[in-house]
Amino acid sequence: MAAKIRVVMKSFTSQSNKISGLMPYAKKVGLPESRALFTVLRSPHIDKKSREQFSMHVKKQFVEQKAEMHELHKKLFWLKRLRIPGAQYEVQISFKTRLDKGSLKSLVA
């Protein structure tokens, strides 16, 4: 039985070079970048035409790695201790199991 470990990372700077060293043999997918644009008045009382614009770019990356059951404990321990400065990450773990026909018939009957 194998598990898939999926990590979704969000940061203001690109994390692609940091991830490649952290998770070898992982499949990396770049997700769309979100951008927020803020416009503020420079002076609240005069010069309404004088404005300043600020933007915030959030870059996302999706990393997927497969792990066997005997490796899962090490990888979870490693992910708990993972420190990437300037990044927020979410970890999802999914299992794919197989039932044989004999056990399936005993469950139905």
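1. **Phe-54 and its surroundings.** A good place to start is Phe-54, which sits in strand β3 of this predicted model. Its relative accessibility is 43%, so Phe-54 counts as partly exposed. Phe-54 also belongs to a nonpolar surface patch of about 480 Å², whose other members are Phe-12, Phe-38, Val-40 and Met-56. Two elements each give two or more residues to this patch: β2, spanning 27-41, and β3, spanning 51-68. If you want to see the patch on screen, colour those five side chains.

2. **The overall layout.** Stepping back, the chain contains 3 helices and 4 strands. Read from the N terminus, the elements come in the order β-α-β-β-α-β-α. The chain has 109 residues, and 19% of them count as buried. Its exposed area is about 8800 Å², with carbon and sulfur atoms supplying 56% of that. Among contacts with a separation of 6 or more, 74% are between residues 24 or more positions apart.

3. **The sheet.** How are the strands ordered in the sheet? The order is β2-β3-β1-β4, in an open sheet of 4 strands with antiparallel pairing. β2 and β4 stand at the edges with a single partner strand each, so each has one side left without a neighbour in the sheet. From one strand to the next, the twist averages 15 degrees. Helix α2 packs on this sheet and touches β1, β3 and β4, while its direction makes about 155 degrees with that of β3. As general background, strands of a sheet pair through backbone hydrogen bonds, either parallel or antiparallel.

4. **Strand pairs, one at a time.** You may like some landmarks for checking the register. β2 and β3 run antiparallel and are joined by 13 bridges; here Gly-30 stands opposite Gln-61 in β3. Strand β1, residues 2-11, pairs with β3 in the antiparallel sense over 10 bridges. In that pairing, Ala-2 has Glu-68 of β3 as its bridge partner, and Lys-10 stands opposite Lys-60 in β3. β1 is also joined to strand β4, residues 87-96, by 10 bridges, and these two run antiparallel. Landmarks on that side are Lys-4, whose bridge partner in β4 is Ser-94, and Ser-11, which stands opposite Ala-87 in β4.

5. **The salt bridge.** How many salt bridges does the structure hold? The count is 1. Arg-6 and Glu-64 form a salt bridge, with their closest N and O atoms 2.8 Å apart. Arg-6 lies in strand β1 and Glu-64 in strand β3, so the pair ties together parts that are 58 residues apart in sequence. The two partners fall into separate accessibility classes: Arg-6, at 25% relative accessibility, counts as partly exposed, whereas Glu-64 is buried with a relative accessible area of 12%. The cut-off that matters here is 20%, because buried means under 20% relative accessible area.

6. **Lys-75 on helix α2.** Lys-75 is found in helix α2, which covers residues 69-80. Is Lys-75 buried or partly exposed? With a relative accessible area of 21%, Lys-75 is partly exposed. Not counting residues up to four places away in sequence, Lys-75 touches Ile-5, Gln-65, Lys-66 and Ala-67. Take Ile-5 as one of these: Lys-75 and Ile-5 are 70 residues apart in sequence, yet their C-alpha atoms are 8.9 Å apart in space.

7. **A backbone detail at Asp-47.** One last residue to look at is Asp-47, in the loop between β2 and β3. Asp-47 has a positive phi of about 55 degrees although it is not a glycine. For context, most residues other than glycine have a negative phi. Where does Asp-47 stand in terms of accessibility? Its relative accessibility is 52%, so Asp-47 counts as exposed.

Methods
Residues numbered from 1 in each chain as written. Predicted model: local features only at pLDDT ≥ 70, side-chain atom pairs only at ≥ 80, totals over all residues. Heavy atoms only, no water. Patch = residues over 30% accessible without salt bridge, like charges linked within 9 Å, V, L, I, M, F, W, Y side chains within 5 Å. Areas by Shrake-Rupley, 256 points an atom, 1.4 Å probe, with all protein chains shown as cover. Salt bridge = Lys/Arg side-chain N within 4 Å of Asp/Glu carboxyl O. Buried < 20%, exposed > 50% of the residue type's maximum accessible area, 1.4 Å probe, protein only. Pairing = 2+ DSSP bridges. Contact = heavy atoms within 4.5 Å. Axes fitted to C-alpha atoms, helices over the stretch in contact; angles between N-to-C directions.
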